[in-house]
Amino acid sequence: LTAMGRHVESMQQVREALINGLLQYSKIGRTNVPTERLEVKAMLKETIDLLNPPAHIQVNIQNNMPVFSTKKYLLQQVFINLISNAIKYNDKEQGIVNISAADVGDYYRFTVEDNGMGIDPIYHEKVFEIFQTLQSRDKVEGTGVGLAIIKKSVEDMGGEVSLESEENKGATFIFTWPKAA
């Protein structure tokens, strides 16, 4: 393909990803997502296989992940977005992503921590706004919808999401998810 052809093809892919992201975002809270019994560790392994991280990225899952009834589709979408971001924005020779859970009363607190490029604290609120990306789209492919989907999904379930990070020191996303859907 010519350079112009590749550019047009790339723009079409970005446009398609943006439309799909907007559709996902607009459906949160409006569609009837079924509740089902979920083994979180098995779902995470399936999600990681689907994302197929490069060989230099190691994804670790805590052993004692919960098993409970919830809206699997929504929880899996949250993890897909968090793990794919941890992979995409990891600039280290040996990337590490750690996923853990803790029982905190009526909720589980999930944590996705990476050793990637990190996010300056001045952007911690901005990253959850729709269409916000911290890097230009020609550097890293992204629509600015993923973290907005996470925030909306988590809050729609009655949970909260937060970010702990510093530039060049990785990122830790923490969210709570109700035990009863």
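Helix α2, covering residues 40-51, lies across three strands of this predicted model: β2, β4 (95-104) and β5 (107-114). Its direction makes about 165° with β2. A second helix, α3 (residues 72-88), also packs on the sheet, where it touches β2, β4, β5 and β7. Here are the two helices side by side:

| Helix | Residues | Strands it meets | Angle |
|---|---|---|---|
| α2 | 40-51 | β2, β4, β5 | about 165° to β2 |
| α3 | 72-88 | β2, β4, β5, β7 | about 175° with β7 |

So what are these helices sitting on? It's an open sheet of five strands, in the order β2-β4-β5-β7-β6, with mixed pairing. β2 (57-61) and β6 (161-165) stand at the edges with a single partner strand each, so one side of each has no neighbour in the sheet. From one strand to the next, the twist averages 15°.

Take a look at the β6 end. β6 pairs with β7 (residues 171-178) in the antiparallel sense, over five bridges. S162 has I174, in β7, as its bridge partner.

Now for the greasy part. The largest nonpolar core has 36 residues, and the ones with the most contacts inside it are L75, F79, I99, F110, F175 and W177. At least two residues each come from α2, β2, α3, β4, β5, α4 (146-156), β6 and β7. The top contributor is α3, which gives eight residues.

F79 is a nice one to click on. Beyond its neighbours within four places in sequence, F79 is in contact with M43, L44, S84, I99, F110, V112 and F175.

Technical notes: Residues are numbered from 1 along each chain as its sequence is written. This is a predicted model: local features need pLDDT of at least 70, side-chain atom pairs count only at pLDDT 80 or more; totals for chains, interfaces and linings use all residues. Side-chain values use heavy atoms; hydrogens and water are left out. Two strands pair if DSSP finds at least two bridges between them. Helices (H or I, at least four residues) and strands (E, at least two) are DSSP runs, numbered from the N terminus. Axes are lines fitted to C-alpha atoms, for helices over the stretch in contact, and angles run from 0 to 180 degrees between N-to-C directions. Contact means heavy atoms within 4.5 Å. A nonpolar core is a set of buried Ala, Val, Leu, Ile, Met, Phe, Trp, Tyr and Cys residues joined through side-chain atoms within 4.5 Å. Buried means under 20% relative accessible area, exposed over 50%, partly exposed in between (1.4 Å probe, protein chains only).
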